[in-house]
Amino acid sequence: PEDMLFSYKGILYPTAFSSPETLEALKSLEIRSDDVILAGYPKTGTNWLEEMVRELESADAKYTEEEMKERINAEKELQMFPRLEFGDPGIYERMKKLPSRRIISTHLCPHLLPFSILQGKAKVLVLLRNPKDTAVSYYHFYNNMPVLPSFASWDEYFAAFMNGKLTWGSYFDQLVEWNQYIDHEKIMMISYEELKENPILGMKKIAAFFEFSLDEEDFHRIAKKTSFQAMKEKSKETHGKFGDILFRKGIVGSWRDLFSKAQNEEMDRKFEDSIGRTKLAAKIKYNVYCK
Ligand code: A3P
């Protein structure tokens, strides 16, 4: 199990999905000003957001059948959805061949992103989720994914989450870093919880940020298509054998089943000490979703 993970600049990554050479080569990726960048810690709902944004983007672009085919074929050649730090070091060469607009997602923290992204070359949508549900979701993921080591117990896992000893590092560290960009004009933050509460309103905010124009009808169609039920039903097709692992419960508040009183207090303290009363804390609505 030890070689299931590797460490790069002090942060763990899964050997099955990435390598130090890939993370090194990432610097060579040329960002385009119309790239759509989606960033979020694992288990914050990144597959969901990715699907929503793909639908929003193509509804705005109104690609012809021919263009749609070209896009699908280019992705086939890439052998995956464009993800910044996934794959072999050659992916950046192959990503050059993708037609615009490219939708590129990442779990990386800001300081590991290609420099031009944060300099404002492209717009970045950052996905947030309350840390308690994120921790629970990641726990099930770790224990169900054959390419990741398993934890003997929730308690053992909880300590690893709190100490950032999981793939892509500490969620708290990532939040602290993203908070520095909260007022950046080319960065917008949205939360899993607000998307759950009102997907249409959430999608309208996303569309406005990326300057996509859609009809009311489009939003309703996409909300239906990207509901948890709809995505879960199609998951064998879209995500193969990982389908059942990626689409688990899709609700807010499942942390209550697993957190002990002491763990609950420990996380409250950690959140208070690291994110405290920042704008990002307000965006997460910790006091609503974690109390
Ligand atoms: P749970 O484990 O709490 O169910 P990621 O895509 O970043 O790996 O995040 C996975 C989490 O998003 C899982 O949370 C999954 O169920 C949830 N999810 C996936 N698709 C969703 C959807 N369409 N609506 C709501 N939640 C979704």
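Which residues are buried in α10? They are Ile-200, Gly-202, Met-203, Ile-206, Ala-207, Phe-209 and Phe-210. Buried means under 20% relative accessible area, exposed means over 50%, and partly exposed lies in between, with a 1.4 Å probe and protein chains only. Helices (H or I, at least four residues) and strands (E, at least two) are DSSP runs, numbered from the N terminus.

This is a predicted model, in which local features need pLDDT of at least 70 and side-chain atom pairs count only at pLDDT 80 or more, while totals for chains, interfaces and linings use all residues. Residues are numbered from 1 along each chain as its sequence is written, and side-chain values use heavy atoms, with hydrogens and water left out.

Stay with α10. The helix holds twelve residues, 199-210. At 1.5 Å a residue it should span 16 Å, and its end C-alpha atoms are indeed 16 Å apart. The expected span is 1.5 Å times one less than the number of residues. The cover over its buried residues includes β3 (36-40), α2 (46-61), β5 (123-128), β6 (187-191), α9 (192-197) and α11 (216-225). Just past the helix, Glu-211 takes a positive phi of about 60°.

One of those covering elements, α2, comes next. It has 16 residues and reaches 22 Å from its first C-alpha to its last, close to the 22 Å expected at 1.5 Å a residue. Twelve of the 16 residues are buried, so α2 is largely enclosed by the rest of the structure. Among the buried ones are Thr-46, Asn-47, Trp-48, Leu-49 and Leu-56. Charged side chains are on the list too, including Glu-50, Glu-55, Glu-57 and Asp-60. Just after α2, Lys-62 takes a positive phi of about 50°. On the other side, the loop between β3 and α2 holds Lys-43. Lys-43 is not a glycine, yet its phi is positive, about 75°. At 11% relative accessibility, Lys-43 counts as buried.

Thr-46 leads to the ligand. Which residues come nearest to it? Of the 19 residues around the ligand, they are Thr-46, Ser-137, Tyr-192, Lys-249 and Gly-250. A residue is near a molecule or strand if one of its heavy atoms lies within 4 Å of it. A polar side-chain atom of Thr-46 lies 2.6 Å from a ligand oxygen atom. For Gly-250, a backbone N or O atom lies 2.7 Å from a ligand oxygen atom. Phe-228 has a backbone N or O atom 3.4 Å from a ligand nitrogen atom.

His-239 is found in helix α13 (residues 235-239). Is it buried or exposed? His-239 is buried, with a relative accessible area of 18%. Not counting residues up to four places away in sequence, His-239 touches Asn-47, Leu-246 and Phe-247. Contact means heavy atoms within 4.5 Å. The side chain of His-239 also makes a polar contact with the side chain of Thr-238, at 2.8 Å. A polar contact is a pair of N or O atoms within 3.5 Å; within protein, one must be able to donate a hydrogen and the other to accept it, and residues adjacent in sequence count only if both atoms are side-chain atoms.

Now the interior. In soluble globular proteins, nonpolar side chains tend to be buried together. A nonpolar core is a set of buried Ala, Val, Leu, Ile, Met, Phe, Trp, Tyr and Cys residues joined through side-chain atoms within 4.5 Å. The largest core here has 66 residues. Tyr-13, Tyr-157, Phe-161, Leu-166, Trp-178, Met-267 and Leu-280 touch the most other members. Apart from it lies another core, of 28 residues, among them Leu-56, Ile-103, Phe-210 and Ile-222. Leaving aside neighbours within four places in sequence, Tyr-157 is in contact with Ala-135, Tyr-138, Tyr-139, Phe-151 and Leu-166.

Trp-178 belongs to the buried residues of α8. That helix is mostly covered: seven of its nine residues are buried. Ser-170 caps its N-terminal end, with a side-chain oxygen 3.2 Å from the backbone nitrogen of Phe-172. Trp-168 lies in the loop between α7 (154-162) and α8 (171-179). Trp-168 is buried, at 6% relative accessible area, and its phi is positive, near 70°.

Most residues other than glycine have a negative phi, and most peptide bonds are trans. The bond from Ser-100 to Arg-101 is cis, with omega near -5°. Arg-101 sits in the loop between α4 (91-95) and β4 (103-106).
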